[in-house]
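Open the model in your viewer and keep the selection tool handy. This tour goes stop by stop, telling you what to pick next and what you will find there.

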Amino acid sequence: MTDFFLYVTVVLLIFFGMVALIYKRNLIKIVIALNIIEAGINLLFIALAYRPNGTAPIFTLAPALGELKMVLPTPQALILTNIVIGFGTTALMLTLAILTYQNNHTLDIRKLRGVENND
Amino acid sequence: MRLASFLSLVLIAAFLFVGILRLHPVGEPLGNPDVFKDRGDAITDIKNVDTMDDYYLRNGQTETGSNNLVASVVFDYRAFDTLGEATVLFIVVSSISMLFFTMIKRKGPETSGVSRIGEFPGGVSRVITFGSFLLYILIITFGIYLVVHGHLSPGGGFQGGAVMASATALLLISSLMTRNVQKTKKIFSFFESLGLTLFIGIGFVGIGVSFLSNFLANGNPLLFGKAIAFGPNPGYLVSAGTLPLLSLAIGMEVFFGLSIILVTMYHAAKDE
């Protein structure tokens, strides 16, 4: 039953990310909110693949075959690539935030009503 | 408007909680937890598994010759996914370079040429630059180790590339990478494109079977084809077929791609 709280943590991470995504006005905070949601999704995949007393799915220096238990490899592979992709997309979002600030001199999304002097 | 956002949040929370009630309990994923018990030294028995992950756990080592099953999934069974993710990274790097290029252009010619990165007021202490240089060598060595041993120990192209890119960040903040940022970016982008091209090229070499098939595994021991026994063992550096080569290509692409992002963003922040 206590293991169930791992899923609750996932839900809380995604939920708080959504709250920040909806209620925050600063673009940088929105990027942070998306990163929190991404962390929740990563945790969900790792929790889905978990086995008690399981080692990492690597045979080097693993216990003998009799007592060998491994966590599932595929979700780990997906999360492995997702971390690097998350880095890239975060960098792209921050780039867009920087350009927005340079054009409008604000990061508040409620003040972004189009560009007046679009030269 | 606030009511609508509040209601949508309540709806999201309800969906999420209903969703986790339908998931399997933590620690009991689908498949046989004793997947290694009944096998022993028997020949690969594909029929005796329930799920895809059990198939990878039982047959991944003998089929690909890789001790690291995560690497065998990333670079062999699901290499096409990895190609897609490498392409996403490539597009992200291209977009960031393009966006900042227009920004630098708009500022006028005086800041678009050779940058003045590293001209901190008063300069940087020699202790910092020399220490960063020593650390740079160590970090790059560790990153290369992670990339080359990706099929034997925890590591692989993505992790090794990210580790090496952190060395680039160290060079930037210690103002060692100061001269000719445009030239540096050109060299980096050449090697980044080379990494992705190598990945696709290795994929096309195996097209006799299928795109990105591991045609070198369990073949010639001189060409990364040394066969590996099932079960826990140290493994060989020359096993796993095309897997170390693909890992090297991805490591190259990730390292130089993330380095381009870092150099570009640092350049733009410095010119403010």
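Start by selecting B:Gly84, which counts as partly exposed because 13 C-beta neighbours lie inside 10 Å. Bear in mind throughout that you are looking at a predicted model. B:Gly84 has its place in helix H4 of chain B. If you now add B:Ser153 to the selection, you have two residues that are 69 apart in sequence and 24 Å apart in space, C-alpha to C-alpha.

**Chain B as a whole**

Zoom out and colour chain B by secondary structure. There are nine helices and zero strands, and reading along the sequence gives the pattern α-α-α-α-α-α-α-α-α. Of the 272 residues in chain B, 37% count as buried. Now take the contacts in chain B between residues at least 6 apart in sequence: 69% of them join residues at least 24 apart.

**The side that faces chain A**

Next, show both chains and select the residues where they meet. You should find 51 residues of chain B in contact with 46 residues of chain A. Which helices of chain B each supply at least two residues to this side? They are H1 (2-21), H2 (52-64), H3 (69-77), H4 (79-106), H7 (157-173) and H9 (243-270). H4(B), where the tour began, gives the most, with ten residues. Colour this side of chain B by residue class and you get 37 nonpolar, eleven polar and three charged residues.

**Stop one: the two H1 helices**

Select H1(B) on its own. This helix has 20 residues and reaches 29 Å from its first C-alpha to its last, close to the 28 Å expected at 1.5 Å a residue. Is H1(B) largely in the open or largely covered? The number of buried residues among its 20 is zero, so H1(B) lies largely in the open.

Now add helix H1 of chain A, residues 4-23. The two helices pack at an angle of about 165°, with their axes 10 Å apart. That makes H1(A) roughly antiparallel to H1(B), because an angle over 145 degrees counts as such. The crossing of H1(A) past H1(B) is right-handed.

To see the residues that meet, show these side chains:

- From H1(A): A:Tyr7, A:Val11, A:Ile14, A:Phe15, A:Met18, A:Val19 and A:Ile22.
- From H1(B): B:Ser5, B:Leu9, B:Ile12, B:Ala13, B:Leu16, B:Phe17 and B:Ile20.

By class, the residues of this contact divide into 13 nonpolar, one polar and no charged.

**Stop two: the two H3 helices**

Move to H3(B), which is mostly covered, with nine of its nine residues buried. Click along the helix and you will pass B:Leu69, B:Val70, B:Ala71, B:Ser72, B:Val73, B:Val74, B:Phe75, B:Asp76 and B:Tyr77, each of them buried.

Then bring in helix H3 of chain A, residues 73-104. The axes of H3(A) and H3(B) come within 9 Å and cross at roughly 65°. H3(A) passes H3(B) in a right-handed crossing. On the chain A side, the contact is made by A:Pro73, A:Thr74, A:Gln76, A:Ala77, A:Leu80 and A:Thr81, and on the chain B side by B:Leu69, B:Val70, B:Val73 and B:Val74. These residues divide into seven nonpolar, three polar and no charged.

**Stop three: B:Leu146**

Hide chain A and select B:Leu146, in helix H6 (residues 126-148) of chain B. B:Leu146 is buried, with 23 other C-beta atoms within 10 Å. Leaving aside residues up to four places away in sequence, B:Leu146 touches B:Gly155, B:Gln159, B:Gly160 and B:Val163. Draw a distance to B:Ser247 as well: B:Leu146 and B:Ser247 are 101 residues apart in sequence and 9.7 Å apart in space, C-alpha to C-alpha.

**Last stop: the loop between H8 and H9**

Finish by selecting B:Leu212, found in the loop between helix H8 (181-205) and H9 of chain B. B:Leu212 has a positive phi of about 65° although it is not a glycine. B:Leu212 counts as buried because 24 other C-beta atoms lie within 10 Å.

Then jump to B:Ala240, which has its place in the loop between H8 and H9. Here phi is near 75°, a positive value in a residue other than glycine. With 33 C-beta neighbours inside 10 Å, B:Ala240 counts as buried.

How values were computed: Residues are numbered from 1 along each chain as its sequence is written. Chains are lettered from A and ligands numbered from 1 in the order in which they are written. This is a predicted model: local features need pLDDT of at least 70, side-chain atom pairs count only at pLDDT 80 or more; totals for chains, interfaces and linings use all residues. Two residues are in contact if their C-beta atoms, placed from the backbone, lie within 7 Å. Helices (H or I, at least four residues) and strands (E, at least two) are DSSP runs, numbered from the N terminus. Ala, Val, Leu, Ile, Met, Phe, Trp, Tyr, Cys and Pro count as nonpolar, Asp, Glu, Lys and Arg as charged, and the others, Gly among them, as polar. Axes are lines fitted to C-alpha atoms, for helices over the stretch in contact, and angles run from 0 to 180 degrees between N-to-C directions. A crossing is left-handed if the near helix is turned anticlockwise from the far one by less than a right angle, and right-handed if clockwise. A residue is buried if 20 or more other C-beta atoms lie within 10 Å of its own, exposed if 12 or fewer, and partly exposed in between; C-beta atoms are placed from the backbone. The expected span of a helix is 1.5 Å times one less than its number of residues. Angles under 35 degrees count as roughly parallel, over 145 as roughly antiparallel, 65 to 115 as roughly perpendicular and the rest as oblique.
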